[in-house]
Amino acid sequence: MTILVKISDLDLSGKTVLIREDYNVPIKDGLVSSDTRIRATLPTLMQVLEAGAKIILVSHLGRPVAGEYDEAYSLAPVAKCLSDFLGIEVPLIKDWTDGIDMTNHRVVLCENVRFEKGETKNDDALARKMAQLCQVYINDAFATAHRAQASTHGVAKYAAVSAAGPLLINELKALTKALREPESPVIAIVGGAKVSSKLTILESLSEKVDQLIVGGGIVNTFLKSAGYEIGKSLYEPDLVDVASKLMQEAEKNGCQIPLPIDVVCGKEFDESTAAVTKPVSEVEADDMIMDVGPETSQQLNDIITKAKTIVWNGPLGVFEFDQFSQGTKNLADAIANSNAYSIAGGGDTIAAISKFNVEDKISYISTGGGAFLEFLEGKKLPAIEILEEAARAWEAMERAREL
Ligand code: AMP
């Protein structure tokens with residue numbers, strides 16, 4: 001496990017702490033429509049308040065244009081939600097980068113950090129300003145850890161002390177448990193639309209796991225490379241050779257990539273198109289493969305039952321259309337019923353988990369999409385790296401103080 005400074009390592013009494021949280025929540029009609037992410041941060045906030053500190057909260061919401069205020073991306077609904085949860089007024093501070101008067105406040109929320117020019121560019125001047133607002137910086141937002149931005153990376157270079165929050169630490173612990181010392185057999189399921197967006201993850205997982213199940217649009221490219229007719233299905237012609245090489249390499253590493261036995265096809269990419277189940281060898285020239293069939297689900301179920309560790313990212317079909325959602329539902333149920341340590345992450349995967357009501361039966365659901373995938377690939381996440389550097393500097397300082 002990486003060495004990071006934790007909140008409990010610090011004396012926060014009388015200090016002002018800037019916490020980077022992930023309040024990128026869905027907003028509908030000016031109200032927060034799912035407050036899960038906000039509620040998840042409350043223990044962090046309570047721990048810091050109980051340690052006697054004041055809190056400046058920083059987060060992004062959506063992708064506004066930098067340098068332009070846009071009410072649609074305002075964090076005002078989040079400030080209201082936080083005030084209700086904490087039982088104290090949490091004001092939203094619109095102009096905050098040049099200083100915040102904390103005299104009458106215990107917690108304030110800064111307006112969307114992506115309104116600031118320089119945030120996404122990891123601008124040094126903005127990062128320094130953020131660092132000057134506080135005595136301690138805490139990053140508690142795993143889902144943005146793969147981005148080097150002013151509020152996730154630059155600020156940690158300049159803050160007097162930079163630490164990791166409990167949400168971020170829990171996420172790292174859970175992912176490390178699943179990936180660094182996993183109990184075998186390890187099964188990974190990678191679904192979703194395109195091979196190209198998940199190529200590096202497919203390559204790195206095929207070296208690490210016992211079985212790699214590919215699904216969704218991704219499997220079509222693999223079927224094509226194995227010589228099957230795939231009709232009008234979504235696939236990537238440029239990556240057919242890559243898929244076949246991946247299968248060969250995986251086999252050399254002792255990893256199997258099973259292909260579907262049966263599939264569910266439609267004639268159009270449409271919510272009302274009729275779904276027809278057929279053996280994979282009977283796909284016609286005008287078919288689109290949009291889900292796996294029941295025999296394939298049974299085969300996957302058998303594999304999953306024997307697994308000790310399961311990693312899941314991406315749906316097995318167009319699960320947004322009910323007639324093509326059964327394969328992903330069967331997979332979600334199989335994972336939910338297994339005794340393995342299961343870990344899942346990514347926007348569509350979380351949507352599928354929630355659609356099929358299996359949230360409570362997955363051992364760990366990562367909040368990260370991009371961050372989750374990059375961690376799976378074994379990449380160093382920039383926001384974590386900078387916290388590790390800060391931890392080394394902090395340790396050296398503490399040791400010097402002891403002498
Ligand atoms: P990703 O963002 O790469 O995880 O892709 C998720 C999207 O892939 C979902 O919106 C699915 O509808 C889509 N998808 C899954 N299977 C297929 C398929 N066979 N053909 C087209 N799109 C698919």
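This text walks through two pockets and the ligand in a predicted model.

Start with the largest pocket. Its space comes to about 840 Å³. The lining counts 32 residues. Nearest the centre of this pocket lie Thr36, Arg37, Ile365, Ser366 and Thr367. Four elements give two or more residues each to this lining: α1 (36-50), α5 (166-179), α11 (347-355) and β16 (364-365). By class, the lining of the largest pocket holds 13 nonpolar, 13 polar and 6 charged residues.

Now move to the second largest pocket. Its volume is about 550 Å³. Here 33 residues form the lining, and Gly192, Ala193, Lys194, Pro315 and Asp348 are the closest to the centre. At least two lining residues come from each of α7 (217-225), β13 (288-292), α11 and α12 (370-376). Strand β13 supplies the largest share, with 5 residues. The class split for the second largest pocket is 14 nonpolar, 14 polar and 5 charged. Note α11: this helix is listed for the lining of the largest pocket, and α11 is also listed for the second largest.

Which space does the ligand take? The ligand occupies the second largest pocket. Around the ligand stands a shell of 15 residues. The closest of them are Ala193, Lys198, Gly216, Ile289 and Glu320. Ala193 thus appears here, and Ala193 is also among the residues closest to the pocket centre. The elements that give two or more residues to the shell are α7 and β13. The shell divides into 7 nonpolar, 5 polar and 3 charged residues.

Next come the polar contacts of the ligand. Two involve backbone atoms of the protein and nitrogen on the ligand side. At Ile289, a polar backbone atom sits 3.0 Å from a ligand nitrogen. At Gly217, a backbone N or O atom lies 3.3 Å from a nitrogen atom of the ligand. Asp348 uses its side chain instead: a polar atom there is 3.2 Å from a ligand oxygen. Asp348 is also one of the residues closest to the centre of the second largest pocket.

How much of the ligand does the protein cover? On its own, the ligand has 510 Å² of accessible area, and the protein covers 80% of that.

To trace this in the viewer, begin at β13, which gives the pocket lining its largest share. Then go to Ile289, with its backbone contact to the ligand. Finish at Asp348, where the side chain meets a ligand oxygen at 3.2 Å.

Technical notes. Residues are numbered from 1 along each chain as its sequence is written. This is a predicted model: local features need pLDDT of at least 70, side-chain atom pairs count only at pLDDT 80 or more; totals for chains, interfaces and linings use all residues. Side-chain values use heavy atoms; hydrogens and water are left out. On a 1 Å grid over the protein atoms alone, a cavity is a set of points where a 1.4 Å probe fits but cannot get out, and a pocket is an open set with protein on both sides within 12 Å along at least five of seven lines; lining residues have an atom within 4 Å of a point. Grid points are joined across faces, edges and corners, and a volume is the space filled by probe spheres set on the points. Ala, Val, Leu, Ile, Met, Phe, Trp, Tyr, Cys and Pro count as nonpolar, Asp, Glu, Lys and Arg as charged, and the others, Gly among them, as polar. A residue is near a molecule or strand if one of its heavy atoms lies within 4 Å of it. A polar contact is a pair of N or O atoms within 3.5 Å; within protein, one must be able to donate a hydrogen and the other to accept it, and residues adjacent in sequence count only if both atoms are side-chain atoms. Accessible areas come from the Shrake-Rupley method with a 1.4 Å probe; for residues, only the protein chains shown count as cover. A molecule sits in a cavity or pocket if more than half of its atoms lie within 2 Å of its grid points.
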